[in-house]
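Student: I have a structure open and would like to learn how to read it. Can we go through it feature by feature?

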Amino acid sequence: MATKKAASSSKRSGRTRPWWKTWWAALLVLPALLLGLVGLIVFFVVFATIPLPEDIAAASTVVIDADGREVGTLNAEVARTDVDLEELPEHISYAVLAAEDRNFHEHGGISATGILRAIFTNARAGEIQQGGSTITQQYIKNAVVGSERTLLRKVREASLAIKLERQYDKDTILELYLNSIYWGRGAYGIEAAARTYFGRPAEDLTVNQAALLAGIIQAPERLDPIENPEGADNRRIVALDGMLEMGWLDEQKHAQIVNRGLPEVTERTVVNRGPNAYFIDAIRHTLVNQVEAADLFRGLRIHTTLDQDIQAAAETALATGLAGQDYTGAIVIVDPATGAVRALVGGPDITRQPYNTAIREPRQVGSSFKTVTLAAWVEDGLSVRSQFPGPATYEVPDGTGGTHEVRNYDNRSYGTRTVRDATRASINTVYVQMQEELGAERVIDMAANLGLPTERSGLEGQVMEPVPTLTLGVASFTPLEMAAAYATLAANGSRSTTHLVTRVVDLRGDVIWEPELQTEQAMSPGDAALVTDVLRDVVSSGTGRSASIGRPQAGKTGTTNDNRNVWFAGYTPQLSAAVWIGNLDNSPTDGLTGGSVPAQVWADAMAAAHEGLEVLEFPPATDDGEVLNGEPEECEDGYERRHPPDSVDDNGWYPDIQSDTEDAEGRPCVEVSPSPSPTTDPGPTQTEDPQPPPKPPGPKAPPLPGEPDPSPSPSPSPTPDPEPTTSPAPSETPTGG
């Protein structure tokens, strides 16, 4: 009885058995002790066996084309040059320590307080402002252990940092760090960084310049002040605040320098100049988020999809098309079967224009986007023979209860026309009616199926908003994205992952990154074939006749308001390409249209790219059960549907043709003659995509058997292209083309 009372009293008093004497504690503590013991053993083994680095090599990363040939390097124009710490002004060291390791002179290689401070600072700021690694650890990571995210790597890094601190004094370690750290733009070391960003030696850097460089060490590619001025400025202020906190800068000077803002920096200079430069620049953009920035420029071998012959053809075509003009432009050529980018040119000359317009700053695409609406129309089972009125103007809802007036490019009324005819002549008022029947969301879905992005990382809102004028090309895309979307149609509806790089190999021969490639059927081959058949008319007898290269091809022109952005995107069974022409500041061009310079550049590049390739036919297309791609049954023997160029005006209409027979779409069947008599050219009409003056005589691919030469006949005195007439709108609405 007494025993029970004692036990009861013990429970009431709260006395229980100590936790470390419980069975479950043994299960937790013993493994933890064993793990800690193993960790210590590994640490000391690593500490004893891994040698310290003498220095960091800065060998260039090599780029290799699709045939295995070296074509260039990723490197800075300014080579690494080591400088003595005593030759540098003190504010460089102070700025770097303030941004990266304020406890540098107190710790022994690793810093527990630095790790805790970084956690607290980053949590308070809601973003990464400080890292937990010391400068010593950062040097070891770059020099020896690399960027692999494993526990063993961190153990090796910590042990070697301690060993380095025992062997060298602080000034020596700081000097090693400053001469080897990666600063972006392919620049390793403070001297190369100073000359790359500011065009001056490191010894002449101001406090503000030093603070900027110190700030971007954390993520130099992402924080480049040209591409991300806000991010770079925030980090500059972090460095200056640290200098103030540590007493290395007084309050008055701190305030003055902060208020000065970002110091002026030079333009980016990363890749070798010369052939393939824009392609190599695009590779850097591709890999900067896939490979550790500090490793990207050091000794890797990057295997790519580049075809140097096609690249050279694209570069020549664009340079020729822009010769004597102030415009810039871009062209991208893609293999539809694989998604491999064979050529990419982002400007006339990378020396004069480092900005790569093929992949950066998407531009409104105008009527080249009508192809997306056409694809949705066909996929929904609607006929390309469907007829719509084509008035000069058409009212569409503006989303606010009012209406917005859409006009055809030349303010012309076309009467009643089929979808096929509206595509060939790029009739705006027909296409907005098609979108009304489909719904804007359906058009957006088709754009995604073809491979166009509906959203962009880091940007607010959709790329494609469901607005009434979406079909006219108000959304913006890059030439790379447009070439990829048209490649889906070229591949009979099969969409492959677009890529420039096949694999990245390190110095040991290990593959450290390769893209995840996928191929899927985005639309049925039959639907894709019908879209292609309609787009063939654009080149054979519509607004894109200047793009003809004398083999089966399809495409679409595009021209936006004030001719600011002009496009031609098209394909053959073997290659897809998109060409953009405009100005970097988005100012208007002088009357250019998609059927002028872009179509000519496309033709020149693609004709050269197809040299030696077999002439392949597109798969046959059907509409309402009728086989297309040839002479319809309605045309009698001796007549044809595809009209000689001298029988049509600039929009593909037939005002001077006298014919007693028509095909199923209401177009005249023209008598075939070995030597057709030319009709009188009435002169260019004001069209949505006026044709450019004829090219000078030169070698030309012959027309396909059974098809007339689709080139426009010369006009003795071409008239200037008119600018489109548009009504005011809340946002820019492409006029077509």
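Student: Where is the place of Glu 86?

Tutor: First, the ground rules. This is a predicted model, in which local features need pLDDT of at least 70, side-chain atom pairs count only at pLDDT 80 or more, and totals for chains, interfaces and linings use all residues. Residues are numbered from 1 along each chain as its sequence is written, and side-chain values use heavy atoms, with hydrogens and water left out. Helices (H or I, at least four residues) and strands (E, at least two) are DSSP runs, numbered from the N terminus. Now your residue: Glu 86 sits in the loop between strand E2 (70-74) and helix H3 (90-100).

Student: Is Glu 86 buried or exposed?

Tutor: Start with the scale. Buried means under 20% relative accessible area, exposed over 50%, and partly exposed in between (1.4 Å probe, protein chains only). Glu 86 is exposed, because its relative accessibility is 74%.

Student: Which residues gather with Glu 86 in a patch of negative charge?

Tutor: A patch takes residues with over 30% relative accessible area and no salt bridge; like charges are joined within 9 Å, and nonpolar side chains (Val, Leu, Ile, Met, Phe, Trp, Tyr) within 5 Å. Asp and Glu count as negative, Lys and Arg as positive, while His and the chain ends are not counted. The place of a charge is NZ of Lys, CZ of Arg, CG of Asp or CD of Glu. Areas come from the Shrake-Rupley method with a 1.4 Å probe, and for residues only the protein chains shown count as cover. Here Glu 86 is joined on the surface by Asp 84, Glu 87, Glu 203 and Asp 204.

Student: How many residues of H3 are buried?

Tutor: Eight of the eleven, so H3 is largely enclosed by the rest of the structure. Among these buried residues are Ile 92, Val 96, Leu 97 and Glu 100.

Student: What is the general rule for directions along a helix?

Tutor: An α-helix has 3.6 residues a turn, so residues three or four places apart point the same way.

Student: How many salt bridges does a search of the whole structure find?

Tutor: The test is a side-chain nitrogen of Lys or Arg within 4 Å of a carboxyl oxygen of Asp or Glu. The search finds 28. Take Glu 227 and Arg 284, whose side chains meet at 4.0 Å, N to O. This pair links distant parts of the chain, 57 residues apart: Glu 227 lies in the loop between helix H9 (207-216) and helix H10 (229-245), Arg 284 in helix H12 (residues 277-287).

Student: Which residues are linked with Glu 227 and Arg 284 in a network of salt bridges?

Tutor: Glu 221, Asp 281 and Arg 360. Check the burial too. Glu 227 is partly exposed, at 34% relative accessible area. Arg 284 is buried, at 2%.

Student: What forms a salt bridge with Arg 442?

Tutor: Asp 380, with the closest N and O atoms 3.0 Å apart. Arg 442 is in helix H18 (residues 440-450), and Asp 380 is in the loop between helix H15 (370-379) and strand E7 (387-389), 62 residues away along the chain. Arg 442 counts as buried at 17%; Asp 380 is partly exposed at 39%.

Student: Which strand do bridges join to E16?

Tutor: Two strands pair if DSSP finds at least two bridges between them. E16 has six bridges to strand E17 (residues 565-571), and the two run antiparallel. One of the residues in E16 is Lys 556, whose bridge partner in E17 is Ala 569.

Student: Why is E16 largely enclosed by the rest of the structure?

Tutor: Because six of the six residues in E16 (residues 554-559) are buried. Ala 554, Lys 556 and Gly 558 point one way; Gly 555, Thr 557 and Thr 559 point the other.

Student: What is special about phi in the hairpin of E16 and E17?

Tutor: Most residues other than glycine have a negative phi, and most peptide bonds are trans. In this hairpin, with five residues between the strands, Asp 562 takes a positive phi near 60 degrees. Elsewhere, Asn 276 has a positive phi near 70 degrees. Asn 276 lies in the loop between helix H11 (251-260) and H12, and is buried at 5% relative accessibility. Asn 411 has a positive phi of about 60 degrees. Asn 411 is in the loop between strand E9 (403-407) and strand E10 (416-418), and counts as partly exposed at 37%.
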